[in-house]
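Welcome! Let's go through this structure together, asking at each step what lies behind the words used to describe it.

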Amino acid sequence: MKDNYNNIIIRNAQISDAEELLEIYRPYVENTAISFEYEVPSVEEFKNRIQKIIRTYPYLVAIENDHIVGYAYASPFHVRKAYQWSVETSIYIKEGEHRKGYGKMLYYALENVLKKQNILNLNACIAYTEKEDQYLTNGSKRFHEQMGFRLAGRFHESGYKFGTWYDMIWMEKIIGEHLNSPMSVLKFSEIQ
């Protein structure tokens, strides 16, 4: 898959992108409570994560001027078979590149691919706080609301990072009709 949006290229991630993607993810781990990870994964671990996802789901990158400025992917919402029509979505934008439309482009492209796979439900797990601080704003919640997601649930004080307890919310977006006999979910490789 490769799409062009006014000099922004959206393409499938490659294993060789791992180092560049990890550098985008690093500040989310080290400087924010957006990621509940404490340790930045190794490049090898990040390659393994990408490899695992692309077996079934899309993992997309946005490129401007030959540099990756963000990425988005889908992963299983849950491993049980009955959940196969639902995915968890994730998105990360490079520091200094927010509010330029990359996130919207990535999510629209991701949603289009997932529809072709016969996915029906998009779910996003988002760190949330009643009181924004230097480590966490509620920008991700606002972004997902703009993308058509709605609040589905909230877990109170479920993540502890930087000496603070943070909530976690689930947001969802329905992108297909829930029929009594749903279409089979296709692997990403089957719709290429």
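Q: What makes Asn 118, just after H3, worth a look in this predicted model?
A: Asn 118 takes a positive phi of about 75 degrees. Most residues other than glycine have a negative phi.

Q: Where is Asn 65 found, and what sign does its phi have?
A: Asn 65 sits in the loop between E3 and E4. Its phi is positive, about 50 degrees, although Asn 65 is not a glycine.

Q: What is the phi of Asp 66, and where is the place of this residue?
A: Phi of Asp 66 is near 65 degrees, a positive value in a residue other than glycine. Asp 66 also belongs to the loop between E3 and E4.

Q: Why are Asn 65 and Asp 66 called exposed?
A: The word exposed asks for over 50% relative accessible area. Asn 65 has 64%, so Asn 65 counts as exposed. Asp 66 has 74%, so Asp 66 counts as exposed too.

Q: How do you know that the span of helix H3 is close to the expected one?
A: Helix H3 runs over residues 102-116, which makes 15 residues. From its first C-alpha to its last it reaches 22 Å, close to the 21 Å expected at 1.5 Å a residue. The buried residues of H3 include Tyr 102, Met 105, Leu 106, Ala 109 and Leu 110.

Q: What can be said about the span and the bend of helix H1?
A: Helix H1 (residues 18-31) reaches 20 Å, close to the 20 Å expected for its 14 residues. H1 also bends by about 30 degrees at Tyr 25, and Pro 27 follows within four residues.

Q: What do the buried residues of H1 pack against?
A: Among the buried residues of H1 are Leu 21, Leu 22, Ile 24 and Val 29. The buried residues of this helix pack against helix H2 and strands E3, E4, E5 and E7.

Q: What makes the contact between Arg 11 and Asp 17 a salt bridge?
A: A salt bridge needs a side-chain nitrogen of Lys or Arg within 4 Å of a carboxyl oxygen of Asp or Glu. In this pair the closest N and O atoms are 2.8 Å apart, so the rule is met. By this rule the count comes to 13 salt bridges.

Q: Are Arg 11 and Asp 17 buried or exposed?
A: Buried means under 20% relative accessible area. Arg 11 has 16% and Asp 17 has 6%, so both count as buried.

Q: Why are Arg 49 and Glu 45 separated by about one helical turn?
A: They are four residues apart in helix H2, and that is why the separation is about one turn. Their side chains meet in a salt bridge at 2.9 Å, N to O.

Q: Which parts does the salt bridge of Asp 167 and Arg 154 tie together?
A: The closest N and O atoms of Asp 167 and Arg 154 are 2.5 Å apart. Asp 167 lies in strand E8 and Arg 154 in strand E7, so the pair ties together parts 13 residues apart in sequence. Asp 167 is buried at 8% relative accessibility, whereas Arg 154 is partly exposed at 31%.

Q: Why is Trp 165 called partly exposed?
A: Its relative accessible area is 49%, and partly exposed lies between 20% and 50%, so the name fits. Trp 165 is found in strand E8, and together with Tyr 38 and Tyr 160 it forms a nonpolar surface patch with about 390 Å² of accessible area.

Key:
Residues are numbered from 1 along each chain as its sequence is written. This is a predicted model: local features need pLDDT of at least 70, side-chain atom pairs count only at pLDDT 80 or more; totals for chains, interfaces and linings use all residues. Side-chain values use heavy atoms; hydrogens and water are left out. Helices (H or I, at least four residues) and strands (E, at least two) are DSSP runs, numbered from the N terminus. The expected span of a helix is 1.5 Å times one less than its number of residues. The bend at a residue is the angle between axes fitted to the seven residues ending there and the seven starting there. Buried means under 20% relative accessible area, exposed over 50%, partly exposed in between (1.4 Å probe, protein chains only). Contact means heavy atoms within 4.5 Å. Patches are made of residues with over 30% relative accessible area and no salt bridge: like charges are joined within 9 Å, nonpolar side chains (Val, Leu, Ile, Met, Phe, Trp, Tyr) within 5 Å. Accessible areas come from the Shrake-Rupley method with a 1.4 Å probe; for residues, only the protein chains shown count as cover.
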